[in-house]
Each structure stands twice: as structure tokens, then as C-alpha cells.
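Student: I'd like to learn how to read helix packing in a protein model. Can you walk me through it?

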Amino acid sequence: MTEPSARPAASEGVTQPPAADRLRDMLRTPGYLKALVFAALMGVPISLAAFWFLVALHELEDAVWADLPQALGWDTPPWWWPLPLLPVAGVVVGLVVTHLPGAGGHIPASGLHAGGATAKALPGVIIAAVASLPLGATLGPEAPLIALGGGLAMLFRDLTRAPATPRSTALLGAAGSAAAIAAIFGNPLVAAVLLIEVVGVGGPQLFAIMLPALLSSGLGALVFTGFGRWTGLDTGSLRLKLPEPPSRLDTGDVVWSILMAVAVGVLLHLVFAGGRLTVTFVAAHTFRRTVVCAAAAGCCAALYALITDRSPADVASSGQATLATMASDPHAWGIGALLAVVFFKAAAYSVCLGSLRGGPIFPALFLGGAVGVLLSPLPGLGVVPGVAAGMAAAAASALRLPVSSAVLVVLLLGNSATIPVVILAAVVAFVTTELLPPGPSLPPPTPQPRKGGADAATGT
């Protein structure tokens with residue numbers, strides 16, 4: 001990747017070229033045009049890898065939480081089902097963190113990151129995700145997908161012996177991440193907008209990074225959609241079928257949505273503060289305490305099932321499938337069950353954020369949707385506006401990316417009538433979260449233990 005041709009240094013009284021001229025010069029640079037072509041070519045294999053990765057996770061989750069219990073004679077998993085599964089996840093993740101390069105990917109409590117993925121970290125990322133998500137971690141697949149896409153992009157760059165410069169690393173990493181993340185959301189627009197806010201750059205830099213990302217994610221979505229239809233395989237869908245789209249919003253919808261956004265912002269702020277405390281707790285004795293935290297998340301799911309007589313998968317999962325069923329039939333949930341799932345899901349989510357590996361988006365969307373259904377009986381608040389506002393507020397609070405959160409929720413709901421409350425809720429929740437005390441900070445990363453040492457074996 002070459003830099004745009006340098007202009008003469010500006011002397012006194014000579015103005016710098018405007019941003020439009022700098023962008024035009026950048027687009028004419030041969031190195032950048034090559035990056036666009038490389039991003040387009042790279043998007044296809046990365047999207048295929050993301051597709052099969054999601055298929056594998058979905059099939060494993062179905063096998064663990066549906067097929068195996070039915071084979072043993074239960075219609076749904078018994079209340080104790082998560083108790084042996086999540087400690088196994090903790091053991092595997094603990095071993096990955098203490099033995100493999102990259103520590104299984106970034107810690108979910110730190111939010112989403114588009115950079116830093118390497119080819120060497122890919123095995124650890126895949127193993128940690130396969131151990132965490134199908135076995136019941138209250139996390140989503142989006143962070144491993146971002147790491148998978150970015151790591152494969154770096155691998156392809158190395159295999160083709162393309163120049164490894166800071167700019168090429170940023171461009172190709174963002175393009176690879178976008179191609180992979182488009183698969184889970186089923187829409188390249190969400191991936192592009194998400195990468196805009198995650199990268200956090202503007203002006204010509206924004207276009208430089210986002211054009212390859214948008215191109216790669218668009219081709220990735222095309223490949224993903226085609227393979228989903230051709231193979232008949234399912235990766236899980238977050239598309240929601242709400243009972244009835246509202247014809248118009250009224251004053252109650254708007255007022256309650258704003259108040260709900262404040263409450264959801266406080267809830268998610270506390271959840272992530274707990275996640276950062278968990279990171280500090282785990283850092284002292286990584287292997288042992290990762291297992292302890294995973295077991296604690298399993299206890300949350302088991303207690304929920306024991307109290308409500310519902311499936312422990314409501315808590316011990318990303319919430320992707322449960323949110324879809326809740327949205328299609330919200331009246332099937334009683335107030336007690338909704339209160340229980342919000343409490344235990346938030347607790348398990350907080351623990352998993354600081355110990356296991358996955359993404360923060362899906363459980364946050366579930367918590368917001370559950371709060372929306374719980375508060376929908378309030379006078380003047382409908383189910384659909386309540387779910388829309390709750391999901392937007394939770395996503396904005398968890399990710400600190402209000403634009404991406406609003407776009408994601410609007411596309412998931414598939415109707416334009418709720419756009420005003422979605423935007424209001426996202427902005428109010430984001431501001432609320434930013435104004436709250438920051439809480440505990442993440443500890444600095446500890447150096448990787450040497451292979452074969454005592455620390456590598458015990459995490460102490």
C-alpha cells in the first residue's frame with residue numbers, strides 16, 4: 001500500500017488543499033486502487049469462512065441445547081443443564097487465554113474493536129468462541145467474527161506478500177471485519193456503519209477505510225445470502241416478527257421511551273461495570289477464576305430455570321433466538337418471568353463479559369427488548385415502540401455507538417414508524433451512560449505466559 005503522492009510542503013501564506021482534493025488524490029493512488037480490488041477479492045472467501053463458522057456455531061448450539069436433551073427424554077433442557085456445560089467452557093477458554101497467542105480474542109467488556117487481529121491469533125479466537133457460545137456463554141458471535149475477518153485479511157495479505165504498512169493493515173483489517181460481520185446481521189449497511197463508529201476516524205481517512213469495508217461487506221452479504229439459500233443451512237437469524245406494526249406513535253410512546261432509555265442506560269452501565277470488575281478478578285489467577293466465573297454464569301441460568309420453570313437457554317445463550325420468539329409472542333411471558341430473565345440474564349452477561357469470549361451486542365439487544373416487553377403495559381406505551389426503544393437504548397449503552405445502534409434496530413424491526421423512538425432512545429441512553437460515573441477501568445493486559453511454565457498450566 002503506497003501513500004498518495006506527496007504535495008510540496010506548504011510555505012507561509014500557502015493554504016493546504018481542501019479535503020475534497022486530498023480525497024481525489026488518494027483515490028487516484030495506484031496503491032489504494034489495488035487495495036479496493038484486493039478487498040473485493042478478499043470479501044468472498046472471508047464471507048464463506050464467516051458463513052460456515054456461523055453454521056457450525058448454530059448447529060453445535062442446537063445439538064447441545066435441543067437435540068441432546070430430546071435424545072435423553074426431555075422436551076427442553078432441565079434446570080441443571082448449564083451447570084456442567086459452562087465450567088467446561090471456562091476450562092477451554094482459560095487454557096486458550098493462558099497458552100495460545102491472542103488470548104482467544106479481546107475481552108468483551110472492552111466493547112467492539114476492529115483492529116488488532118492477527119493470523120496467529122485465529123486458532124485461539126475460533127477455539128474460545130466454539131467453547132463459549134454453544135456451551136451457554138451469555139455473549140454473541142459478532143466479536144469473534146470481527147476477529148476472524150480481520151485475521152483472515154492479514155493472512156491473505158501475508159500469503160500474497162502484499163506490503164505490510166500501517167495504512168494497509170488498517171484498510172484490510174476493516175474490510176475483512178466488515179465482510180465477516182455482514183454475515184451475522186444479514187446487511188452490509190449495518191457492517192459499514194458499525195465500522196465507521198468503531199474505527200472512529202473522519203474526513204478522507206474515513207473514506208479511505210470505509211470504501212474497502214463497504215465493498216467487501218457488500219460482496220460478503222451477497223455470498224452469504226446465496227449460500228444460505230443454496231445449502232438450506234441455518235446460521236440463526238435476528239430478524240424479528242413483531243405482532244403488529246404501529247400505525248403511528250403517540251405522546252405516551254415518546255415519553256415512556258425516553259424514560260425507559262434512561263433506565264436501560266443505567267442497567268447496562270451497571271452490567272458493564274460488573275464486567276470490568278470481573279476482568280480484574282480473573283486477571284489475578286486467569287485459568288482458575290475463568291472456570292469459577294463460567295460456573296457462576298451457569299448457576300444464574302440454572303436458578304432462573306428452577307424459579308420460572310422455563311428453559312435455562314433463556315439466560316445461557318446470546319438471546320438471539322429467544323428475542324425472536326419473545327418479539328413474535330410477547331404475551332407468552334408473564335411479569336415474573338420477564339423480571340427473572342432480566343435479572344439473571346444481566347448477571348450472567350456481566351460475568352461472561354469479563355471472563356469468556358464473544359460479543360456484547362446480542363445479549364444487550366435481548367435485555368433491552370425484554371425491558372420493553374416488561375414495560376409495555378404502561379398507559380400509552382405499545383409493545384412495538386417499547387421493544388424498539390428498549391433495544392436501541394441497550395445497544396447504544398453497551399456499544400457506545402448510537403448511530404450504529406439506531407441503524408441496526410431499525411433494520412431488524414423492518415418498519416419506519418418506530419424510527420423516531422429508536423433514535424430518541426439511542427441518543428438518551430448514550431448520553432445517560434456517558435454522564436454516569438465511569439466506574440472501574442480495565443486492567444492493563446498481562447504478558448502472555450511462557451509455554452510450559454507454571455503460570456501457563458495454572459494461571460497463577
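Tutor: Sure, and keep in mind that this one is a predicted model. Let's start with helix 15 (residues 402-413) and helix 16 (residues 419-435), whose axes lie 9 Å apart and pack at an angle of about 150°.

Student: What does that angle make helix 15 relative to helix 16?

Tutor: Angles over 145 degrees count as roughly antiparallel, so helix 15 is roughly antiparallel to helix 16. Their crossing is right-handed. On the helix 15 side, the contact is made by Pro-402, Ala-406, Val-409 and Val-410. Helix 16 supplies Ile-419, Val-422, Ala-426 and Phe-430.

Student: Which numbers should I take away for a packed pair in general?

Tutor: Two of them: the angle between the axes and the distance between the axes describe two packed helices. Try that on helix 13 (residues 361-375) and helix 14: their axes cross at roughly 145° and come within 7 Å. The crossing of helix 13 past helix 14 is right-handed.

Student: Which residues of helix 13 and helix 14 make the contact?

Tutor: From helix 13 you have Ile-361, Ala-364, Leu-365, Gly-368, Gly-369, Gly-372 and Val-373. From helix 14 come Gly-386, Val-387, Gly-390, Met-391, Ala-394, Ala-395, Ala-398 and Leu-399.

Student: How many residues of helix 14 are buried?

Tutor: That's 17 of the 17, so helix 14 is largely enclosed by the rest of the structure. You can check its length too: at 1.5 Å a residue, helix 14 (residues 383-399) should span 24 Å, and this agrees with its end C-alpha atoms, which are 24 Å apart. Right after helix 14 comes Arg-400, with a positive phi near 60°.

Student: Now a single residue. Is Thr-98 buried or exposed?

Tutor: Buried, because its relative accessibility is 4% and the cut-off for buried is under 20%. Thr-98 sits in helix 3 (residues 82-99). Look across to Phe-287 as well: it is 189 residues away from Thr-98 along the chain, yet their C-alpha atoms are 7.0 Å apart.

Student: And zooming out, how many helices and strands are there in the protein?

Tutor: You'll find 17 helices and zero strands. Of the 460 residues, 53% count as buried. For contacts between residues at least 6 apart in sequence, 81% join residues at least 24 apart.

Student: What share of the accessible surface belongs to carbon and sulfur atoms?

Tutor: It's 68%, out of an accessible surface of about 19,200 Å² for the protein.

Conventions:
Residues are numbered from 1 along each chain as its sequence is written. This is a predicted model: local features need pLDDT of at least 70, side-chain atom pairs count only at pLDDT 80 or more; totals for chains, interfaces and linings use all residues. Side-chain values use heavy atoms; hydrogens and water are left out. Helices (H or I, at least four residues) and strands (E, at least two) are DSSP runs, numbered from the N terminus. Buried means under 20% relative accessible area, exposed over 50%, partly exposed in between (1.4 Å probe, protein chains only). Contact means heavy atoms within 4.5 Å. Accessible areas come from the Shrake-Rupley method with a 1.4 Å probe; for residues, only the protein chains shown count as cover. The expected span of a helix is 1.5 Å times one less than its number of residues. Axes are lines fitted to C-alpha atoms, for helices over the stretch in contact, and angles run from 0 to 180 degrees between N-to-C directions. Angles under 35 degrees count as roughly parallel, over 145 as roughly antiparallel, 65 to 115 as roughly perpendicular and the rest as oblique. A crossing is left-handed if the near helix is turned anticlockwise from the far one by less than a right angle, and right-handed if clockwise.
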